[in-house]
Structures are given as C-alpha cells and as structure tokens.
Amino acid sequence: MMRKLTVLAALLAATFPVIAQSEAWKNETLPIGERVEALLETLTVDEKIDKYYHGNEALHGIVRPGNFTVFPQAIALSAMWNPALLERISGVVSDEARARWNELERGKKQTAQYSDLLTFWSPTVNMARDPRWGRTPETYGEDPFLSGENGAAFVRGFQRVHLKRGETRTVTVSLRREDLRYWSDSRQAFVIPEGLPEIMVGTSSRDIRLTWPLE
C-alpha cells in the first residue's frame with residue numbers, strides 16, 4: 001500500500017509542472033510576450049483561424065455588438081488637422097469597447113462573429129492615392145505625414161493607461177465645464193449639468209469603484 005501511494009505521489013508531482021506550464025498564459029506575473037506565446041501553443045489550427053475572424057471595426061466608432069457613439073468617417077476626422085482631438089475621440093471609442101465587454105460578462109457572452117471588443121481592425125493608414133478606390137473614406141487622406149500622425153494618435157487613444165497589478169500612476173485630467181455638456185432631447189439643445197460634477201472610476205457604469213468631486 002505504501003508503495004502505491006509513493007508511486008501516485010510521484011506521478012502527481014511530475015504532472016503538476018506540465019499543467020502549470022500549459023496554462024502559463026493565465027499567469028499575470030509573466031511578461032505579456034511569454035503569455036501570448038503560451039496561449040498560442042495551446043490553440044489548434046482551427047481555433048487560430050476562428051480567432052482570426054473574430055475581430056471588429058472601430059474606425060470611427062464601434063460597429064458591433066450593440067449601440068455605440070458614431071463619429072464622422074476617417075477622412076472627415078483627418079480633415080480636422082487635429083491629431084490631439086482624434087486621440088481623445090479614439091479614447092472614447094476605447095472606453096465604450098471596454099464597458100461593453102464588461103457588460104457581456106468580460107467577453108463570455110461575446111459569441112457573434114466579427115464582434116470582438118478587444119481586437120479591432122483600426123486605424124486604416126493606407127494612402128488614398130486614387131479616388132476611384134472604393135474605400136477612400138476609411139483613410140486619413142493622401143498626405144503621409146498627416147496619416148502617420150493621425151494613426152499614432154488613434155493608437156495612443158486606444159491604449160490609454162495600463163497598470164500592472166500593484167502598480168500606481170498619477171493621471172491628470174483637464175476638463176472645462178463646457179466639455180461636460182450633453183444633448184437634451186427635451187430641450188433640443190446642448191445642456192451643461194448644474195452643480196458640482198463628479199468623476200467616477202470603474203470598469204463599467206455598473207461597476208463604479210471610486211467617485212470624487214471635480215473642482
């Protein structure tokens with residue numbers, strides 16, 4: 001009996017490292033590169049192909065699933081000649097994507113094809129060299145410098161601030177009161193909220209973890 005228990009213990013000890021290594025992609029203490037490689041090793045070819053088609057579009061607002069803010073097409077955003085504003089717009093799109101992902105139970109209910117809320121085929125940085133090309137409106141125009149600046153700004157807005165577990169960082173937010181205005185259907189006009197506004201921090205509107213007044 002003692003010999004059987006010893007053999008069983010040895011088998012368990014030999015199996016445990018293999019299991020831990022195969023699920024290394026779940027280990028948040030490892031570098032992202034190592035976690036990605038570990039995850040790819042667990043996927044079959046069919047699973048990789050399925051994920052390839054599981055992206056989404058967010059060139060000027062998220063396409064699916066659900067309702068999202070729709071901004072002007074990329075060519076119109078480029079016509080602003082304002083990469084800083086484009087970065088803010090991209091940040092809004094990013095926030096809405098993460099909020100919707102949380103609403104869908106952190107992606108568990110995100111099952112439709114082309115509806116991924118963490119993978120987007122944006123921005124488009126191709127040059128619009130020929131107006132006969134049918135997808136010119138999806139580009140930032142024909143100027144390589146402006147397209148590069150806009151593309152970089154879009155990516156920065158999407159990335160925002162990412163923190164590792166236990167890491168802290170100071171973030172400064174500058175807002176004018178008029179930046180808080182919203183469209184009122186009843187008044188048919190933009191309205192600025194009365195009183196002292198609050199900043200709310202959380203993973204979504206249903207998960208507010210911190211609030212404080214905006215002075």
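Proline 65 lies in the loop between α3 (45–52) and α4, and the peptide bond that leads into this proline from arginine 64 is cis, with omega near -5 degrees. The model described here is a predicted one, and the values quoted below are computed from it.

**Overall architecture**

The protein chain has 215 residues, of which buried residues make up 24%. Its secondary structure comes to six helices and four strands, and the elements run, from the N terminus on, in the order α-α-α-α-α-α-β-β-β-β. Among the contacts in the protein chain with a separation of 6 or more, 46% are accounted for by residues 24 or more positions apart.

**Backbone geometry in the loops**

A cis peptide bond also joins serine 122 and proline 123, with omega about 0 degrees, and proline 123 lies in the loop between α5 and α6. Positive phi values are found at tryptophan 81, where phi is near 50 degrees in a residue other than glycine, and at glutamate 105, which is not a glycine and has a phi of about 55 degrees. These features deserve a remark because most residues other than glycine have a negative phi, and most peptide bonds are trans.

Tryptophan 81 is found in the loop between α4 and α5, and because its relative accessibility of 62% is over 50%, tryptophan 81 counts as exposed. Glutamate 105 lies in the loop between α5 and α6; with a relative accessible area of 41%, glutamate 105 is partly exposed.

The loop between α3 and α4 also holds proline 72, which is partly exposed, with a relative accessible area of 45%. Proline 72 touches His60 and Leu77, when residues up to four places away in sequence are not counted. Proline 72 and glycine 61 are eleven residues apart in sequence, and their C-alpha atoms lie 8.7 Å apart in space.

Alanine 128 has its place in the loop between α5 and α6, and at 11% relative accessibility alanine 128 counts as buried. Leaving aside neighbours within four places in sequence, alanine 128 is in contact with Thr136, Thr139, Gly141 and Glu142. For one of these partners, glycine 141, the C-alpha to C-alpha distance to alanine 128 is 5.2 Å, across 13 residues of sequence.

The relative accessible areas of residues discussed in this report are set side by side below.

| Residue | Relative accessible area | Class |
|---|---|---|
| Serine 147 | 1% | buried |
| Alanine 128 | 11% | buried |
| Glutamate 105 | 41% | partly exposed |
| Proline 72 | 45% | partly exposed |
| Tryptophan 81 | 62% | exposed |

**Helix α6**

Helix α6 covers residues 144–159, and at 1.5 Å a residue its 16 residues should span 22 Å; the C-alpha atoms at its ends are 23 Å apart, which agrees with that expectation. The buried residues of α6 are Leu146, Ser147, Asn150, Gly151, Ala153, Phe154 and Gly157. They cover an arc of only 165 degrees around the axis, and therefore lie on the same side of α6. The face turned away from this buried side carries the exposed residues Pro144 and Phe145, while what covers the buried residues includes α4 (74–78) and α5 (83–103).

Serine 147, which lies in helix α6, is buried, with a relative accessible area of 1%. Not counting residues up to four places away in sequence, serine 147 touches Val125, Met127, Tyr140 and Gly141. Serine 147 and asparagine 126 are 21 residues apart in sequence, with a C-alpha to C-alpha distance of 8.1 Å. Gly141 is thus a residue touched by serine 147 and also a contact of alanine 128.

**The second largest pocket**

The second largest pocket has a volume of about 250 Å³. Its lining consists of 15 residues, of which Glu57, Leu59, Trp121, Arg135 and Glu138 lie nearest the centre of the pocket. By residue type, the lining of this pocket divides into six nonpolar, six polar and three charged residues.

Note on methods. Residues numbered from 1 in each chain as written. Predicted model: local features only at pLDDT ≥ 70, side-chain atom pairs only at ≥ 80, totals over all residues. Heavy atoms only, no water. 1 Å grid on protein atoms, 1.4 Å probe; cavity = no way out; pocket = protein on both sides within 12 Å on 5 of 7 lines; lining within 4 Å. Points joined across faces, edges and corners; volume = space filled by probe spheres on them. Nonpolar A, V, L, I, M, F, W, Y, C, P; charged D, E, K, R; others polar. Helix = DSSP H or I, 4+ residues; strand = E, 2+ residues; numbered from the N terminus. Expected span 1.5 Å × (residues − 1). Buried < 20%, exposed > 50% of the residue type's maximum accessible area, 1.4 Å probe, protein only. Arc of directions from axis to C-beta. Contact = heavy atoms within 4.5 Å.
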